[in-house]
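Q: I'm new to reading protein structures, and I'd like to take a close look at one buried spot. Could you walk me through it and then show me how it fits into the rest of the protein?

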Amino acid sequence: MGDIKVEVISRDTIKPSPPTPTHLRHLQLSFLDQILTPTFIPIILFYPVDGDAKADHDKIQRSIWLKKTLSETLIRFYPLAGRVKDNISIDCSDQGVPYLEAQVHCQLSDFTRHPDSMILNKLIPFATDDVVDIVLAIQVNTFKCGGIAIGVCISHKVADAWSMVMFVNGWAAVARRDTDAVCPQFGLASLFPPINLSGFDPSTGITKEKIVTKRFIFSSSSVAALREKYADHSTTEDPPRRPTRIEALSAFIWGRFVAASHGTADTERVCTMLHAVNIRPRMDPPLPENYFGNIIRFAAITPSMEDVKEGKCHALAKQMGEAIEKIDGDYIKKLREGIQHLNFLKKRAEKFTKGEIDSFRFTSFCRFPVYEADFGWGKPIWVGSASLPFKNLVTFMDSGGSNEGGIEAWINSVEEDMAKFQGDNELLSFVSPT
């Protein structure tokens, strides 16, 4: 796909209506919010034209309706219309959500048939590393055919991926006048009190190198084959334990990336894998699903480079599964104390800055209800992401359309490493053409 012109035709600011009450105008950030990197989490939802919606009148009415229902949704999600202050709190004084409307000079079908992950960045309102103090921003893109793509950016200082999907589905429910629209629960700081982060920079990990983002599609049959390939046959279990879909894909991608870009172990640098884990259900008692904030931590392992060279990635998948299981009640109890975990992060950040650690991070939207966001004209035919300013970051998303049941891996890396990776023959034997 060649370059596509995306022309911003209007800019607005949407505020809660009615205004946020005075007693709700200050929200403390939690410790888990404080330590998160100041970037936007992007998501883009694509909807085809519905019937006669090509008409200018219908486009105008749809635009008015989206703004009106966003304003109504912000009554419940009031912190999203505020501004982050000094990595300590959110000023919820209804400063508003930046809301852009844009015209895309192509057909929606042309775009979704062969989406370019770099062009997708034009469908969101801000660069993902251009957060400053804004919490939420929206860009509604209209294609020549009348179809639309809703680009949403939410600050990672305030929300994790689950919280973002909660908001999007909450807005969609209000738009279609669903009386069961979700009501988010705030107040994570009461469970994970904020602390002084002196000596720790949450921006560690954001790179200034040129990042290339590529999308790789794994069909349901390829995912099943990888799960079987990495089944643990060293135990007496019958049948042997198979890794989850995400564990198997993470092990495979990491193994192929190391094989393609490094070839042999780098004795000067420790390679690590980090996997985001939703800790809501792991707390005691478990937190409800509507609890809003950064309620995640990262399972970390140091894989054996020898296992990779010998093709033993089943051991890696098992190791990752065991690391995820260790994020349990005892882990979370220590996490709530804050200081011990902060000291761990400081040491890790120091090693990362010195180039002693080479991290590969994985996060997943899989099984999140992103394809349930019906604004009143049907569910999205495809949900995509955008480029992120991190080297070696993988975001997993469920596939839509003809690839339903499969998984998309959105991989961010430097250009040289990506060129080697996407030419790896074993990788290509499992990846579907895009």
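A: Happy to! Let's begin with Leu335, which is buried because its relative accessibility is 2%, and buried means under 20%. Keep in mind that this is a predicted model. To find Leu335, go to helix 9, which covers residues 329-335.

Next, look at what surrounds Leu335. If you skip its neighbours within four places in sequence, Leu335 is in contact with Phe31, Leu32, Phe192, Ile279, Arg297 and His341. Take Arg297 from that list: Leu335 and Arg297 are 38 residues apart in sequence, while their C-alpha atoms are 9.3 Å apart in space.

Now move on to Leu342, which sits in helix 10 (residues 339-353). Leu342 is buried too, with a relative accessible area of 2%. Not counting residues up to four places away in sequence, Leu342 touches Phe31, Ile195, Asn196, Leu197 and Phe200. Phe31 is a nice link here, as it appears among the contacts of Leu335 and among those of Leu342. You can also compare Leu342 with Gly199: 143 residues separate them in sequence, yet from C-alpha to C-alpha they are 9.6 Å apart.

Where do these residues belong in the wider picture? In soluble globular proteins, nonpolar side chains tend to be buried together. Leu335 is one member of a nonpolar core of 58 residues, and Leu36, Phe200 and Phe396 are also among its members. That core lies apart from the largest one.

The largest nonpolar core has 73 residues, and those touching the most other members are Phe46, Leu80, Ile138, Ile150, Phe167 and Phe375. Helix 4 (residues 161-175) gives this core its largest share, 10 residues. Ile150 is a good residue to click on: leaving out residues up to four places away in sequence, Ile150 touches Ile43, Ile44, Leu45, Tyr47, Leu66, Ile138, Gln139, Trp171, Phe375 and Trp377.

For another buried residue, try Thr142 in strand 7 (residues 136-143). Thr142 has a relative accessible area of 16%, and that counts as buried because the limit is under 20%. Beyond its neighbours within four places in sequence, Thr142 is in contact with Lys59, Arg62, Ala102, Gln103, Val104, Gly147 and Ile148.

Pro240 makes a useful contrast. You will find Pro240 in the loop between helix 5 (220-229) and helix 6 (245-261). At 22% relative accessibility, Pro240 counts as partly exposed. Pro240 and Glu228 are 12 residues apart in sequence, with 9.3 Å between their C-alpha atoms.

Some loops hold backbone details worth a look. Most residues other than glycine have a negative phi, and most peptide bonds are trans. Arg367 is not a glycine, but its phi is positive, near 70°. Arg367 lies in the loop between strand 12 (357-364) and strand 13 (382-384), and Arg367 is exposed, with a relative accessible area of 66%. Asn87 also has a positive phi, about 55°, without being a glycine; Asn87 is in the loop between strand 4 (83-85) and strand 5 (89-91).

As for cis peptide bonds, one joins Ser17 and Pro18, with omega about 5°. Pro18 is in the loop between strand 1 (6-14) and strand 2 (26-28). The bond from Asp284 to Pro285 is also cis, and its omega is near 0°. Look for Pro285 in the loop between strand 10 (270-278) and strand 11 (296-301).

Finally, zoom out. The protein has 12 helices and 15 strands. Its radius of gyration is 22 Å, close to the 22 Å that the globule rule gives for 434 residues, so the protein is as compact as a globular protein of that length. Its C-alpha atoms fill a box of roughly 60 × 50 × 45 Å along the principal axes. Buried residues, such as the Leu335 we began with, make up 55% of the 434 residues. Among contacts between residues at least 6 apart in sequence, 79% join residues at least 24 apart. On the outside, the protein exposes about 18,800 Å², and carbon and sulfur atoms supply 50% of that area.

Methods. Residues numbered from 1 in each chain as written. Predicted model: local features only at pLDDT ≥ 70, side-chain atom pairs only at ≥ 80, totals over all residues. Heavy atoms only, no water. Helix = DSSP H or I, 4+ residues; strand = E, 2+ residues; numbered from the N terminus. Rg over C-alpha atoms; globule rule 2.2 N^0.38 Å. Buried < 20%, exposed > 50% of the residue type's maximum accessible area, 1.4 Å probe, protein only. Contact = heavy atoms within 4.5 Å. Areas by Shrake-Rupley, 256 points an atom, 1.4 Å probe, with all protein chains shown as cover. Core = buried A, V, L, I, M, F, W, Y, C linked by side-chain atoms within 4.5 Å.
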